[in-house]
Structures are given as C-alpha cells and as structure tokens.
Amino acid sequence: MSTLLHWLSSSQQYFMELGWMGILLYAGIIVLAQMFIAPLSPIAITGGLIFGLQRGFLIVTLGTGVGAALNFLIARYVARGPVARRLQKSDRFRLIDNAIGEAGWKIVALLRFCPIPFGFANYCYGLTAIRFWPYFLATLVAIIPGNFFFTWMGATAQEGLLAVAGAGRPRHPVEYVLMVVGLVASFIALTYITRLAKAAIAKADGPLPFAQP
C-alpha cells in the first residue's frame, strides 16, 4: 500500500498528460482498492493532491461509486446464494434479512458514517436482502461528505502530503467532527437494526423451532 501511495503521489504529470484516460485510470485504482478492501482515504487524499479539488472529488466519487456497485453485485450473485441456502432453514435469519431488505437504505446511510472498511461493508450489504438501487443511491449520497473532505485535504498540498506520508500530522478539526458523527451513527444504526430484528422475530407465528426454552 505504501508503495502504491508513493507512486501515485509522484505521478501527477503522468496522470494529467493522460487527460480523461488519467481520470478513468485513477478511478479504476480506487475500484481495485475496494475489491481488495484496502484503505481508501489515503488514495482519496492523493487524488485531491494530483487532480485538485473539483476533478479529484469527481474521480473519487466515480471510483467509490463503481466500486460499491461491483462489491455489492459480486457478493449478491456469487456469495449470497450459498449463504442463503445454508441459512434458509433459519426463521430468524429469514425474518431479519427481510426486515433489513425493507428498510436497508436507512441502515446503509447511517453505517456509511461509521469507521467500517468501505469495501468490506459493500460486500456485506450484498449478502443481505436490500435491493441494489436503494443501497446504491444511499451510498452515493452518504459518502459525499467524506469524499469531499479527503479530496480537499489532498488539494491543500502540504497537508495532503503529510497525510499520505503518515508523518504524524495533527488531526484536522473536521476529522474529529467526522469521528463523533461516526460514533453517533454507529449507535443509532445498531439500535435500529436491533429493533428491526426484534420486530421481525415477533411477527413469526408460534415459537421458532430453535428458540431457547
């Protein structure tokens, strides 16, 4: 990862000379990073450093959006089938899964503010019953603040270089705000998921076959 970041940060002229191909190439790097569940914030910062705020934000949003879609679809059509077949006899799993599918966009929007690896979360959502478009649109909207902030950090070159290099920089005040928002969103999301699960199980007719006595 450090080798990739060093190459990216020293390749500004290379990407700029490629024009639109450079934009697509950098977005593709972001997509690949998500496929392998690599940290995205340093790559987003470097994107702002190379392309500036406006184009950097566009590229990061394009890369994270396409990556979120691919992660989800891979999990949905490759892994969800075996998972669902394995757990299809579980009434609890089926009811909770359906409940999350019905209100999943709210959960997705909340959890996007939580410190969960982006690529890993995308795969996990593909294993639930949430439909693709509610998931995708909630993701695109909820990641705007984070994408904008990290791209802005890169566009302010000195701070961006320190962030990419990990040179013990002090945290920006906005990062603390995002941390607090993430903690609050985590609490709300977990509370909401728990309520959905309890409500779904309560709708079951009769005792569940594996319920504790």
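I began with phenylalanine 15, which in this predicted model has a relative accessible area of 1% and therefore counts as buried. I then looked up tyrosine 14, which at 42% relative accessibility I noted as partly exposed.

Ring pairs came next, and I found that the count of aromatic pairs comes to 14. One of them joins tyrosine 14 and phenylalanine 15, whose ring centres are 5.5 Å apart and whose planes stand at 75°, so I entered the pair as edge-to-face. Another is formed by phenylalanine 57 and phenylalanine 148, with ring centres 5.9 Å apart and planes at 70°, and because planes over 60 degrees apart count as edge-to-face, I gave this pair that label. I traced where these two rings sit and saw that the pair links distant parts of the chain, since phenylalanine 57 belongs to helix H5 (residues 53-87) and phenylalanine 148 to helix H9 (residues 144-155), 91 residues apart. I also checked their accessibility: phenylalanine 57 is partly exposed at 23%, and phenylalanine 148 is partly exposed at 42%. Elsewhere in my list, ring pairs link Phe72, Tyr125, Phe132, Trp133, Tyr135 and Phe136 into a cluster.

My last entry concerns isoleucine 23, which I located in helix H3 (residues 20-35). Is isoleucine 23 buried or exposed? Its relative accessibility is 5%, and because buried means under 20%, I recorded isoleucine 23 as buried. Setting aside neighbours within four places in sequence, I found isoleucine 23 in contact with Phe51, Arg55 and Ile59. I also noted that the C-alpha atoms of isoleucine 23 and glycine 47 are separated by 9.6 Å, with the two residues 24 apart along the chain.

Note on methods: Residues are numbered from 1 along each chain as its sequence is written. This is a predicted model: local features need pLDDT of at least 70, side-chain atom pairs count only at pLDDT 80 or more; totals for chains, interfaces and linings use all residues. Side-chain values use heavy atoms; hydrogens and water are left out. Helices (H or I, at least four residues) and strands (E, at least two) are DSSP runs, numbered from the N terminus. Buried means under 20% relative accessible area, exposed over 50%, partly exposed in between (1.4 Å probe, protein chains only). Contact means heavy atoms within 4.5 Å. Rings of Phe, Tyr and Trp (its six-membered ring) pair if their centres lie within 6.5 Å; planes under 30 degrees apart count as stacked, over 60 as edge-to-face and the rest as tilted.
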